[in-house]
Amino acid sequence: MFKARPLLSALVNHRQRLERNGGFYKLFCMMSEGSVDQQPAKLMKRANEENEDSTEKVQTTKRVKTDEAHTEDEKKYPKKKVVLLMAYSGKGYYGMQRNPGNTQFRTIEDDLVTALVKSGCIPENHGDEMKKMSFQRCARTDKGVSAAGQVVSLKVRMIEDIIEKINENLPPQIRVLGLKRVTQGFNSKNNCDARTYSYMLPTVAFSQKDYDTGNISAFRLDPETLQRVNRLFSLYKGTHNFHNFTSQKAPSDPSARRYITEMSCGEPFICSDCEFAVITVRGQSFMLHQIRKMIGLVIAVIKGYAKEAVMERSWGQEKVDVPKAPGLGLVLERVHFDRYNKRFGGDGLHERLEWDREEEAIMAFKKSHIYPTIVETECQEGSMVSWMSTLPIHDFEATAAGTRDNKDPKQDNADEGNDSD
């Protein structure tokens, strides 16, 4: 009896030791299992970190190599300030000036910048920020307007055969025809003294308002009417307040005053069985739509919709309804740098910004791309005839009270000094 108690106590103590050891074993197993589960995660994390480090090293190496390549390009082809002489047909384009981030409305500069990057003239990142290449154009030609002598200034790498390589990446209706070195501070817009435009139109535009425009090929402009047309155009010469010939300009705005040196219509000629004529206008600068409105008002007077006195009245303080002729026939012919040529043209380092040697190429481009486009589009679509049918809705006798001082400042800033039509 007394011997059984120690035995029973020993058995109980042994069982408790086993349970304690078993619990410790289970706890150890649970900890070990947790460690086993965490070990692959740690390994994967370490592998990802090593991959990230490796990727970053590769990217850094690529950047270094790219920077080295750019540095080598800069050494081999240093950047120089130049001007490019450009010619283009504006049909299908929304004007000259680029609108970064807006691919819906293609402009001439969109295609030009793409060609500059592809040819290696400018780094790729300069295409997104044109200020990096000090880019400036002489005139922001409007939608559909063409150019035979547009000039842009910018900094480029002077690669070999630069003009040929740029043109290889341009569509046929845009060409770079010339290149010249200029001073570092040159700005094609600010250094431009004057701009010459032409406007090609069917002479039926000068017919009387009761003429049957269904047969425009039969119309011929008589010498007396042409003489009167040129007399009216000569009234524009000098300095006038052209606030009625653009949008959102108050008559008190000094930027509305523009200086015109020449405006006349040349002798008519036959093209595709229709008679055409070319109007030439030269001025210090032009506002948005100014030339088209100058031509539109003279057409309205010749056709008998408006009296000649409306021209004088349009330069006054009151608001006058001035019609805007179609943009199809408008061409930027050339830009002039008389002051720059006088100061730097004979210094022995820089060339005069004149393009006599490129004149043949300019004329060839106009005959191949500009004139045929104007004639064919006019004959097929009849833009001038369609526009003439809107002249009766204009009220040339009415005047508006006020001076339009409450204008939209954003629009005013867009128009001011824009040298565009």
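Helix 4 and two annotated residues

Helix 4 is made of twelve residues, 223-234, and spans 16 Å from its first C-alpha to its last, close to the 16 Å expected at 1.5 Å a residue. The model in which this helix appears is predicted.

Start at the N-terminal end of the helix. Asp222 caps this end of helix 4. One of the side-chain oxygens of Asp222 lies 3.2 Å from the backbone nitrogen of Glu224.

Next, consider which residues of helix 4 are buried. They are Thr225, Leu226, Val229, Leu232 and Phe233. Looking down the axis of helix 4, the buried residues fall within an arc of 120 degrees, so they line one face of the helix. On the other side of helix 4, Pro223, Glu224 and Gln227 are exposed. Glu224 therefore appears twice in this account: its backbone nitrogen is the partner of the Asp222 cap, and the residue is exposed, a label that means over 50% relative accessible area.

What covers the buried residues of helix 4? The cover includes two strands, strand 7 (257-265) and strand 9 (274-283), along with helix 5 (290-303) and helix 6 (309-314).

Two other residues carry annotations from an unreviewed UniProt entry. The entry gives "active site" for Asp142. Asp142 sits in the loop that joins strand 2 (136-137) to strand 3 (146-157). The entry gives "binding site" for Tyr197, and Tyr197 belongs to strand 5, residues 194-202.

Is Tyr197 buried or exposed? Its relative accessible area is 1%. Buried means under 20%, so Tyr197 counts as buried.

Notes. Residues numbered from 1 in each chain as written. Predicted model: local features only at pLDDT ≥ 70, side-chain atom pairs only at ≥ 80, totals over all residues. Heavy atoms only, no water. Helix = DSSP H or I, 4+ residues; strand = E, 2+ residues; numbered from the N terminus. Expected span 1.5 Å × (residues − 1). Buried < 20%, exposed > 50% of the residue type's maximum accessible area, 1.4 Å probe, protein only. Arc of directions from axis to C-beta. Contact = heavy atoms within 4.5 Å. Polar contact = N/O pair within 3.5 Å; in protein donor to acceptor, adjacent residues only side chain to side chain. UniProt positions renumbered as here; feature names shortened; annotations may be inferred.
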